[in-house]
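This briefing covers one loop residue and one strand with its pairing partners. The sequence and structure come first, followed by the notes.

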Amino acid sequence: MTRATLSCILLLVLGCAHQPPANTPADARFQGVQSRGADVMGVDQYTSMHVFENLADGGRILLVRQDTTDAAGTATIRAHLRSIADSFSHGNFSNPSAVHDMVVPGTETMARLRDRITYREQDRPGGGEVRITTTDPEALAAIRDFLAFQRMDHRAAGHEGMDHSAMEHPAQSP
């Protein structure tokens, strides 16, 4: 990972750092997602950052610690992402359902079309990512629905507003 990539990630972390939410129904839902996310993932949601990014052939889920020197937290994230890549490849989306307390949009189609979707985990400083790829239009639409919902419910960064000049994509790296 280049310094520019790490700088971009750190800027996203600083720009998207979560503040304790107010007491509205939407904020209560967010607090529930954060709490269940910590239980399911084993990662404090307020000290880590999610990015759910659309890419031409699918997308990626990036999860990193804000403190990239936290070796134990990084190991927990990487184990979680490996587990997610394996579960998703078998059509098992129980973790997102548990975190969000509902069937997450796109997951039923992604489970049905699991043989047309590839999930690959890759380590990153402070965590890692799951790269999701497909050539199937129906699967791609489901992936986009899944990522859009994740961005919204986690109040996370994604494709919109990102500085792609500094981001490395494994599919595009030499």
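**Asparagine 92 and strand S2**

Asparagine 92 lies in the loop that runs between helix H3 (71–89) and helix H4 (94–100). The model is predicted. The points below take this loop residue first and then turn to strand S2, which spans residues 58–65.

**Asparagine 92**

- The relative accessibility of asparagine 92 is 34%, and because partly exposed covers values between the 20% limit for buried and the 50% limit for exposed, this residue counts as partly exposed.
- Its side chain is in polar contact with the side chain of serine 94, at 2.8 Å.
- Methionine 110 is 18 residues away from asparagine 92 along the chain, and the C-alpha atoms of the two are 9.3 Å apart.

**Burial of strand S2**

- Strand S2 is mostly covered, with eight of its eight residues buried.
- Gly58, Arg60, Leu62 and Val64 point one way from S2, and all are buried.
- Gly59, Ile61, Leu63 and Arg65 point the other way from S2 and are likewise buried.

**Pairing of strand S2**

- With strand S1 (residues 48–55), S2 pairs in the antiparallel sense over eight bridges.
- S1 and S2 form a hairpin, and two residues lie between them.
- Within this pairing, isoleucine 61 in S2 has phenylalanine 52 opposite.
- S2 also pairs with strand S4 (residues 127–134), in the antiparallel sense and over seven bridges.
- Opposite valine 64 stands glycine 127 in S4.

Definitions and conventions
Residues numbered from 1 in each chain as written. Predicted model: local features only at pLDDT ≥ 70, side-chain atom pairs only at ≥ 80, totals over all residues. Heavy atoms only, no water. Helix = DSSP H or I, 4+ residues; strand = E, 2+ residues; numbered from the N terminus. Buried < 20%, exposed > 50% of the residue type's maximum accessible area, 1.4 Å probe, protein only. Polar contact = N/O pair within 3.5 Å; in protein donor to acceptor, adjacent residues only side chain to side chain. Pairing = 2+ DSSP bridges.
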